[in-house]
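Please open the structure in your viewer and keep the selection panel at hand. The tour below moves from one selection to the next.

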Amino acid sequence: MNMNLAENINTVRMRIKQAAQRAGRDPRDIKLLAVTKTRSPHMIDAALRNGIQFIAENRVQDAEEKLPLLTEKYREFHFIGHLQSNKIKKLLALAPTLIHSLDKLSTARKLSDHLEQLNRHQDVLIQVNTSGETSKFGVEPQKALDLINDIDRLPNLTVMGLMTIGILSADRKMIRSCFQLLRGMFRELQDQGLSHGKMQWLSMGMTSDFEIAIEEGANIIRIGSAIFGPINYD
Ligand SMILES: *Cc1c(COP(=O)(O)O)cnc(C)c1O
């Protein structure tokens with residue numbers, strides 16, 4: 001198992017490098033997040049021993065159960081799932097480096113209020129629904145600019161970029177256009193400037209599409225299955 005994991009991680013790093021080279025980019029500018037959802041603390045520890053530094057979960061409760069059980073150190077924990085307002089306190093107790101998935105002003109307000117009580121401050125990304133799939137979370141692209149400016153004005157949050165999940169499709173062109181849409185918004189916001197935050201992180205690309213995402217400018221990719229193997233739902 002550990003051999004496999006080491007090999008998987010090496011393969012992912014090699015593919016990142018190749019995609020970056022194709023795009024004329026420095027692979028060191030791309031942060032690899034290991035998505036640890038459904039994986040045991042034992043498996044996560046093995047990944048951390050094999051060079052993974054950044055880990056991500058999409059459910060607060062799972063993160064809350066597993067993070068204290070890890071024996072290896074991680075550098076950053078990122079939250080990438082839908083954030084329910086009743087989970088905010090628990091999430092903040094886990095000290096996420098970045099929350100990727102804000103898509104509603106009401107949740108953002110509650111988050112900022114909780115942070116104020118703790119005298120803390122939090123970097124966040126805004127999740128955009130670039131695929132039009134109704135099953136996906138994320139703000140609609142036409143509404144994103146207003147939402148971003150509103151969230152940017154909240155005192156204890158700093159908007160640091162954008163996140164999306166590419167369309168679930170075998171059509172690579174459709175996937176690419178999701179990422180192009182997000183990159184266009186990212187650049188527009190970089191030019192426009194925010195009053196508070198700044199556009200630093202473009203979080204896009206998973207196991208099936210991270211190379212396209214890198215070609216389109218992603219600087220955070222979120223990889224689960226390519227590192228840990230297919231998810232086993234028994
Ligand atoms: C599960 C998940 C990933 C990783 O998916 P893989 O296809 O296993 O790489 C990335 N981002 C989010 C938001 C996820 O929920």
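How far from an oxygen atom of the ligand does a polar side-chain atom of S225 lie? Select S225 together with the ligand, and the distance between these two atoms is 2.6 Å, a polar contact in the sense of a pair of N or O atoms within 3.5 Å. The protein covers 88% of the 390 Å² of accessible area that the ligand has on its own, as computed by the Shrake-Rupley method with a 1.4 Å probe.

Before going on, note that this is a predicted model, in which local features need pLDDT of at least 70 and side-chain atom pairs count only at pLDDT 80 or more, while totals for chains, interfaces and linings use all residues. Residues are numbered from 1 along each chain as its sequence is written, and side-chain values use heavy atoms, with hydrogens and water left out.

Next, select T207, where a polar side-chain atom is 2.5 Å from a ligand oxygen, and then K37, whose side chain has an N or O atom 2.8 Å from an oxygen atom of the ligand.

Now widen the selection to the residues around the ligand (a heavy atom within 4 Å), among them V35, N58, I80, M206 and R222. This shell divides into five nonpolar, four polar and two charged residues.

How values were computed:
A polar contact is a pair of N or O atoms within 3.5 Å; within protein, one must be able to donate a hydrogen and the other to accept it, and residues adjacent in sequence count only if both atoms are side-chain atoms. Ala, Val, Leu, Ile, Met, Phe, Trp, Tyr, Cys and Pro count as nonpolar, Asp, Glu, Lys and Arg as charged, and the others, Gly among them, as polar.
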